[in-house]
Amino acid sequence: IGGLAFSGCRKLTECRIPDGVETLGEYAFNWCAALQKIDIADSVTSIGNHAFVGCTGLIQVDLPRNISRIETAVFQGCSSLSKIHLPSSVREIGNEAFYGCISLTEFSVRSTVISIGTDAFRNCSSLKSITIPNSVNIIGPYAFEDCSSLTSISIPSNVTSIEYATFRNCSSLTSITIPGSVTSIDYSAFYGCSSLTKIEVNASNTEYTSHNGILYNDDMTTLIRCPEGKS
């Protein structure tokens, strides 16, 4: 199915992609605002960038079991999307993949995923919990920015860098633990986390330490971040 094939079909309410189809092109269903349900055959191995961007009526998606990557902005702006099944074949969650999915309340990343891209879950304002396995070694900038309902998150033990604005404006986040693998934390990573009262660092970390919930460099000569919710 080629790029832009059903783009702007604003009265299309459901669609079934039959067995034998292997690819959905870029922007294939973008701005199909009335689309609520789509069944995608397991023969599909590739879904193009922005394929469902702006499908504001889409509620649930079951991705085909042979897809290896959630491409750039595939579900960006799908404001009614509340549930998505991630198959075990997925290795990467691309940039802006779920950006603006404001009805998504929880998400479980499979243990096969190794990277979460820039802006991947940005402005998922209803997202309360997300499970990230230790297989993930890259979390991009802005990945969880403006996830204002997120109360807790576990950073995988293979992540080495917490990037620019990764958790910025996560205003319900109360505590976070830095694993021993992290060697770099951007100054803006926790900016705007107004409820954050405690930052803890795993004892095996050689670059950072924490005392009384405050983040310092390892020998405590530099204060890195005092949590905004701490008085």
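Colleague: Where is Glu-145 found?
Modeller: This is a predicted model. Take the flanking strands as landmarks: S12 covers 138–139 and S13 covers 161–162. Glu-145 is found in the loop between strand S12 and strand S13.

Colleague: Does Glu-145 count as buried or exposed?
Modeller: Buried means under 20% relative accessible area. Glu-145 has 3% relative accessibility, so Glu-145 counts as buried.

Colleague: Which residues is Glu-145 in contact with, leaving aside its neighbours within four places in sequence?
Modeller: One group is Ala-165, Thr-166, Arg-168 and Asn-169. The others on the list are Phe-121, Arg-122 and Asn-123. Thr-118 gives a C-alpha distance for reference: 27 residues apart from Glu-145 in sequence, and 9.9 Å apart in space. The contacts are therefore Ala-165, Thr-166, Arg-168, Asn-169, Phe-121, Arg-122 and Asn-123.

Colleague: What is the phi of Asp-146, and why does Asp-146 count as partly exposed?
Modeller: Asp-146 lies in the loop between S12 and S13. Partly exposed runs between the 20% and 50% cut-offs. Asp-146 has a relative accessible area of 24%, so Asp-146 is partly exposed. Its phi is positive, in a residue other than glycine, near 65°.

Colleague: Where is Asn-169 found, and what is its relative accessibility?
Modeller: Asn-169 is one of the contacts of Glu-145. Phi of Asn-169 is positive, near 65°, and the residue is not glycine. Asn-169 is found in the loop between S13 and S14. Asn-169 counts as partly exposed, with a relative accessibility of 27%.

Colleague: Is Gly-94 buried or exposed?
Modeller: Gly-94 lies in the loop between strand S8 (92–93) and strand S9 (106–108). The cut-off for buried is under 20% relative accessible area. Gly-94 has 1%, so Gly-94 is buried.

Colleague: How many Å apart in space are Gly-94 and Glu-71?
Modeller: In sequence, the two are 23 residues apart. Glu-71 is on the contact list of Gly-94, alongside Arg-69, Ile-70, Gly-117 and Ala-120, with neighbours within four places left aside. C-alpha to C-alpha, Gly-94 and Glu-71 are 4.9 Å apart.

Colleague: Which residues touch the most other members of the largest nonpolar core?
Modeller: That core holds 67 residues. Strands S1 (14–17), S3 (37–40), S14 (175–178) and S16 (198–201) each give two or more residues to this core. The residues that touch the most other members are Phe-52, Phe-75, Ile-93 and Phe-121.

Colleague: Which residues does Phe-52 touch, not counting residues up to four places away in sequence?
Modeller: Start with the residues numbered below Phe-52: Leu-24, Phe-29, Leu-35, Ile-38, Ile-40 and Ile-47. Then come those numbered above: Val-74, Phe-75, Gln-76 and Cys-78.

Colleague: How many strands does the chain have, and what percentage of its residues count as buried?
Modeller: The chain has zero helices. The strands number 19. Of the 231 residues, the share that counts as buried is 45%.

Colleague: What radius of gyration does the chain have?
Modeller: The C-alpha atoms fill a box of roughly 60 × 30 × 20 Å along the principal axes. With 231 residues, a compact globule would have a radius of gyration near 17 Å. The value for the chain agrees with that: 19 Å.

Colleague: How many Å apart are the mean positions of the positive and negative charges?
Modeller: The chain has 15 positive and 21 negative charges. Take the mean position of each set. The two are apart by 7 Å.

Conventions: Residues are numbered from 1 along each chain as its sequence is written. This is a predicted model: local features need pLDDT of at least 70, side-chain atom pairs count only at pLDDT 80 or more; totals for chains, interfaces and linings use all residues. Side-chain values use heavy atoms; hydrogens and water are left out. Helices (H or I, at least four residues) and strands (E, at least two) are DSSP runs, numbered from the N terminus. The radius of gyration is taken over C-alpha atoms; the globule rule is 2.2 Å times the number of residues to the power 0.38. Buried means under 20% relative accessible area, exposed over 50%, partly exposed in between (1.4 Å probe, protein chains only). Lys and Arg count as positive and Asp and Glu as negative; His and the chain ends are not counted. The place of a charge is taken as NZ of Lys, CZ of Arg, CG of Asp or CD of Glu. A nonpolar core is a set of buried Ala, Val, Leu, Ile, Met, Phe, Trp, Tyr and Cys residues joined through side-chain atoms within 4.5 Å. Contact means heavy atoms within 4.5 Å.
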